[in-house]
Amino acid sequence: MTILHLSFYSAFTLSSLGLAFHRTHLVSALLCLESMMLSMYVALSMWPIQTQTPSSTLLPIFMLTFSACEAGTGLALLVASTRTHGSDHLHNFNLLQC
């Protein structure tokens, strides 16, 4: 395993552990999701270079597009929940209520 693979795996693992253990604020959960997407984007961008294929794939561009959509949706949910509940603490949200 090269140092490049190790850094991608460790970045993804640390961000998933941050998402699992630090779920107090919605902002921290969104940042962990964005760091997971960023590490996957960098890994997919470096994959054609590692395998020495002459054609570049469009998969990283699609992933970057979905990541931007996810970030916009997350920020919209953050603003809406802060306006209705007064804070972004996740323990204030009751998912069973409409």
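Is S81 buried or exposed? In this predicted model, S81 counts as buried, because its relative accessibility comes to just 10%, under the 20% cut-off for that class. S81 is part of helix α3, and its side chain has a partner there to talk about: a polar atom of that side chain sits 3.1 Å from the backbone oxygen of L78.

Helix α3 covers residues 59–85, and the UniProt record has something to say about this stretch. The entry, which is unreviewed, puts a "transmembrane region" at residues 6–22, 29–49 and 61–80. Two of these stretches can be set against the model. Residues 61–80 come out as 100% helix and 0% strand, with 29 Å between the end C-alpha atoms. For residues 29–49 the figures are again 100% helix and 0% strand, and here the C-alpha atoms at the two ends are 31 Å apart.

Next come the pockets. Rolling a probe the size of a water molecule over the atoms shows where empty space is left. The second largest pocket has a volume of about 170 Å³. Two elements each give two or more residues to its lining, namely α1 (3–21) and α2 (26–51). Of the elements, α2 gives the most, with 6 residues. The full lining reads L4, H5, F8, Y9, F12, S39, M40, A43, M46, W47 and Q50. Sorted by class, that makes 8 nonpolar and 3 polar residues, with no charged ones at all.

Beyond α2, the chain runs into a loop that leads to α3, and Q52 is found in this loop. The backbone at Q52 is a bit of an oddity to note: phi is positive, at about 60°, although Q52 is not a glycine. As for its surroundings, Q52 counts as exposed because its relative accessibility is 70%, over the 50% cut-off.

That leaves the cysteines. How many disulfides does a search of the whole structure find? The count is 0. Two cysteines can still be placed by their accessibility. C32 has a relative accessibility of 14% and so counts as buried. C69, with a relative accessible area of 47%, is partly exposed, since that value lies in between the 20% and 50% cut-offs. C32 thus falls in the buried class along with S81, while Q52 sits in the exposed class.

Methods
Residues numbered from 1 in each chain as written. Predicted model: local features only at pLDDT ≥ 70, side-chain atom pairs only at ≥ 80, totals over all residues. Heavy atoms only, no water. 1 Å grid on protein atoms, 1.4 Å probe; cavity = no way out; pocket = protein on both sides within 12 Å on 5 of 7 lines; lining within 4 Å. Points joined across faces, edges and corners; volume = space filled by probe spheres on them. Helix = DSSP H or I, 4+ residues; strand = E, 2+ residues; numbered from the N terminus. Nonpolar A, V, L, I, M, F, W, Y, C, P; charged D, E, K, R; others polar. UniProt positions renumbered as here; feature names shortened; annotations may be inferred. Buried < 20%, exposed > 50% of the residue type's maximum accessible area, 1.4 Å probe, protein only. Disulfide = S-S within 2.5 Å. Polar contact = N/O pair within 3.5 Å; in protein donor to acceptor, adjacent residues only side chain to side chain.
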